[in-house]
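Please find below my notes on the ligand 2 site and on one of the pockets. The points are numbered for reply.

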Amino acid sequence: MSQKILLSGVKPTGSAHIGNYFGAMKQMVDLQNTGNYSCLIMIADYHALNFIQNKDEMKKLTFELALDYLAVGLDPKKIVIFKQSDISAHTELAWIFDTIVTVPYLERAHAFKDAEVKDKEINVGTFNYPVLMAADILLYNTDVVPVGQDQKQHIEYARDIALKFNHIFGPKNVAEYEDLIFKLPEPLILENVAVVPGVDGRKMSKSYGNTIPLFATREEITKAVMSIVTDSGKPEDGGKPMNVYNIHKLFKSEEKLRELYDMNKGKYKALKDALVEDIDAFIKPMRERRAELVKKPKKVMKILEKGAKQAGKIADKKLVEVKQAIGVL
Ligand code: ADP
Ligand code: TRP
């Protein structure tokens with residue numbers, strides 16, 4: 001069976017937490033390991049430029065995201081990991097799309113509307129965000145794009161833009177599907193992924209300051225776990241402190257946890273100690289792998305360079321097709 005092409009992008013905007021891991025990174029590693037997909041994982045640094053406008057911070061966050069992905073198990077021997085800014089075809093195609101995408105259409109984007117509520121002076125990069133993302137996806141004949149629910153609209157934009165481009169510049173006989181320029185991508189929405197709660201019980205998020213960092217040391221794990229707001233367990237929850245339990249069940253099966261929580265009813269310290277133990281055991285190998293990689297920045301850079309070469313070949317070929325279709329080549 002031929003492999004489907006899978007592409008996903010991640011903005012380098014801050015330290016990874018266990019919500020990011022269970023909500024996104026783990027699925028990437030699992031999909032890579034099925035062998036059903038030819039995977040491209042992109043560090044979306046040009047998208048991040050809308051938020052990170054400091055040279056040192058951009059360098060640091062980009063390098064860290066590469067480390068994070070390698071440490072959780074993305075394997076550059078099996079997949080392509082690359083940086084968006086290394087491949088100028090992305091921004092070039094985004095410009096070409098700009099000429100066929102209308103302003104009212106982009107004004108309907110959720111992310112734009114949210115940004116508009118917060119700040120009236122929005123930069124053009126934020127407004128054009130879906131166009132660059134469409135270029136990211138369409139350059140690679142992508143079949144599937146694994147994303148969280150919040151990104152679904154962006155995939156719809158990519159599909160609409162592909163259809164419009166194909167309609168304007170593609171072959172006129174629609175039966176010639178094979179000859180259409182852009183393939184229509186499908187979102188792969190990770191529906192069954194639970195929202196990982198933070199130490200205060202709300203969704204774990206950098207912006208709420210309620211995270212457990214993914215590569216935390218034992219001390220950092222202890223500090224975060226001890227700060228979990230302990231609710232006195234309700235009878236309908238079997239007396240379990242749910243803020244602790246809901247995090248714990250990510251690391252151990254509910255079957256195994258039953259006995260522990262039954263034996264330690266009301267003993268929150270003992271339960272938190274057990275949670276620290278389980279998180280630490282889980283994180284340790286990834287933390288160690290990351291610590292090894294940190295010592296080898298050249299190796300990490302080489303991986304990204306190799307990724308850029310592999311991805312660049314595909315992207316450049318598609319861009320030639322596009323330039324021929326619009327009549328500039
Ligand atoms: P944050 O909210 O910390 O800024 P991001 O928005 O950068 O996180 O999320 C990056 C990825 O991690 C997205 O795919 C998102 O769906 C996933 N993710 C983030 N927080 C959680 C969470 N608490 N539970 C599940 N998935 C999450
Ligand atoms: N917009 C995505 C996010 O915020 C990141 C992204 C950029 C992306 N380009 C992409 C995701 C292409 C999937 C495919 O999470």
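1. For the classes used below, Ala, Val, Leu, Ile, Met, Phe, Trp, Tyr, Cys and Pro count as nonpolar, Asp, Glu, Lys and Arg as charged, and the others, Gly among them, as polar. By that scheme the second largest pocket is lined by seven nonpolar, seven polar and one charged residues.

2. This is a predicted model, in which local features need pLDDT of at least 70 and side-chain atom pairs pLDDT 80 or more, while totals for chains, interfaces and linings use all residues. Side-chain values use heavy atoms, without hydrogens and water, and residues are numbered from 1 along each chain.

3. The second largest pocket holds about 240 Å³ of space. Its lining has 15 residues, of which Y46, N50, G125, N128 and L132 are the closest to the centre.

4. Around ligand 2 there are 14 residues (near means a heavy atom within 4 Å), and K11, H47, Y129, D136 and Q151 come nearest. The shell divides into eight nonpolar, four polar and two charged residues.

5. Three side chains have an N or O atom close to a nitrogen atom of ligand 2 (a polar contact is a pair of N or O atoms within 3.5 Å): Y129 at 2.7 Å, D136 at 2.8 Å and Q151 at 2.9 Å. Ligand 2 taken alone exposes 370 Å², and the protein buries 90% of that (Shrake-Rupley areas, 1.4 Å probe).

Note on methods. Chains lettered and ligands numbered in written order. 1 Å grid on protein atoms, 1.4 Å probe; cavity = no way out; pocket = protein on both sides within 12 Å on 5 of 7 lines; lining within 4 Å. Points joined across faces, edges and corners; volume = space filled by probe spheres on them. Polar contact = N/O pair within 3.5 Å; in protein donor to acceptor, adjacent residues only side chain to side chain.
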